[in-house]
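This report describes a single protein chain and its ligand environment. The sequence and the structure are shown first, and the description follows.

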Amino acid sequence: MNRTASPQGAPIILEDLRFAYPGGAPIRFDLSVEASDMVAVMGPSGSGKSTLLSLIAGFESPSSGRLLIGGEDVGGLAPHRRPVSMVFQENNLFAHLSVAENVGLGRSVRLHLGEADRQAVRDALARTGLSGKEDRLPQALSGGERQRVALARVLIRHRPVLLLDEPFASLGPALRDEMLDLIAQLHAEQGMTVLMATHDPRDAERLCRTMVFVDGGTIAETGPASEFLAGARSEAFNRYVGSRREMK
Ligand SMILES: Nc1ncnc2c1ncn2[C@@H]1O[C@H](COP(=O)(O)OP(=O)(O)OP(=O)(O)O)[C@@H](O)[C@H]1O
C-alpha cells in the first residue's frame with residue numbers, strides 16, 4: 001500500500017450481503033459508495049448501522065454476498081488485512097500503552113518502529129493537537145483527547161476507507177464540532193472514503209455529501225445528504241429525524 005501518495009479513497013460495493021446474529025432478524029445490504037465520498041449512515045436504533053460498518057471492517061462475516069473495496073473482493077480477508085480503519089464511540093485505545101504507542105500501532109502491531117515511523121507518529125500527534133502528551137496513558141486524557149489519539153492512528157495508517165461508528169456521541173457540542181473539522185481536514189489531505197454512523201443530523205450536515213438511511217436491517221434509501229436533511233426524501237426518514245430532534 002502506498003503510504004505517502006496523494007489523496008485517494010476506494011469505492012465500496014456490497015452485493016446482496018446477508019447476515020444474521022444468532023436468533024436475530026435477517027440483515028441484507030446492497031450498497032455502492034463512490035471513492036472519497038463522505039457518507040452519513042443514519043437510521044433508528046437497532047436498524048443495523050453498526051452491523052453494516054462491522055461487515056465492511058470484517059468484524060462480522062456475512063453468510064452470503066460480496067464485499068468489494070477498491071474493486072477487490074475482501075470477503076476472505078481478516079480485519080487487519082482490509083484497507084480500512086475504524087473508530088468507535090469509545091475503547092479505541094489500549095489502556096496500558098502510551099499515547100505515542102497507541103498511535104504507533106497504526107504502523108506496526110508489534111510496535112517495531114523505525115525512525116521514519118516515529119517521525120510519522122510525532123507528526124500525527126502534532127496534527128491532532130496532542131504534542132506534549134505522547135507519554136501519557138489514555139486514562140490521563142479527556143474523552144476528546146482519546147478520540148484525537150484514535151484519529152492520529154487513522155492518520156498514519158493511510159487506509160483508503162475510514163469507518164466511524166458514532167465516534168463523537170459522548171462529546172459535548174463544541175468538542176464535537178472540532179472533531180468533525182478534524183475529520184474534514186484529514187479527508188481533504190488523504191481523500192479516504194468515509195462512512196460515519198450517527199444519530200445527529202448536524203453531523204451529517206457538517207460533513208457528509210451522501211446519506212445512507214438504514215431501516216429494518218437493510219439500506220432503505222440513499223441520495224444527497226442535503227435532500228434528506230431538507231426533508232425532501234421519504235416520510236420514514238423524516239419521522240426518524242423528527243423523533244431524534246424531539247429527544248434533544
Ligand atoms: N452481538 C450481537 N448479537 C446479537 N444481536 C445483535 C448483536 N449486535 C447487534 N445485534 C442486534 O442486531 C440489530 C442491529 O444492531 P446494530 O447494532 O447494527 O444497530 P444500530 O443501528 O447500530 O443501533 P444503535 O443506533 O442503537 O447503535 C439489533 O436488533 C441488535 O439488537
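Helices (H or I, at least four residues) and strands (E, at least two) are DSSP runs, numbered from the N terminus. By this assignment, the protein chain contains eight helices and ten strands. Its radius of gyration, taken over C-alpha atoms, is 18 Å, close to the 18 Å that the globule rule (2.2 Å times the number of residues to the power 0.38) gives for 248 residues, so the chain is as compact as a globular protein of that length. The model is predicted: local features need pLDDT of at least 70, and side-chain atom pairs count only at pLDDT 80 or more, whereas totals for chains, interfaces and linings use all residues. Residues are numbered from 1 along each chain as its sequence is written.

Along the principal axes, the C-alpha atoms fill a box of roughly 55 × 40 × 35 Å. Of the 248 residues, 41% are buried (20 or more other C-beta atoms within 10 Å of the residue's own; exposed means 12 or fewer, partly exposed in between, with C-beta atoms placed from the backbone). Among contacts (C-beta atoms within 7 Å) between residues at least 6 apart in sequence, 67% join residues at least 24 apart.

**Strands β1 and β2**

Strand β1 (residues 12-19) pairs with β2 in the antiparallel sense over six bridges; pairing requires that DSSP finds at least two bridges between two strands. Leu17 has Phe29 in β2 as its bridge partner. In a regular strand the side chains alternate between the two faces of the sheet. Strand β2 (residues 27-33) shows such alternation: Ile27, Phe29, Leu31 and Val33 point to one face and are buried, while Arg28, Asp30 and Ser32 point to the other and are not.

**Positive phi values**

Most residues other than glycine have a negative phi. The table lists two residues with positive values.

| Residue | Phi | Loop | C-beta neighbours inside 10 Å |
|---|---|---|---|
| Asn91 | near 55 degrees | between β6 (84-87) and α2 (99-104) | 10, exposed |
| Glu166 | about 45 degrees | between β7 (161-165) and α5 (173-190) | 20, buried |

**Ligand surroundings**

The residues around the ligand (C-beta atom, placed from the backbone, within 6 Å of it) are Tyr21, Gly24, Gly43, Ser45, Gly46, Ser47, Gly48, Lys49, Ser50 and Thr51. By class, this shell has one nonpolar, eight polar and one charged residues; Ala, Val, Leu, Ile, Met, Phe, Trp, Tyr, Cys and Pro count as nonpolar, Asp, Glu, Lys and Arg as charged, and the others, Gly among them, as polar.

Key
Contact = placed C-beta atoms within 7 Å.
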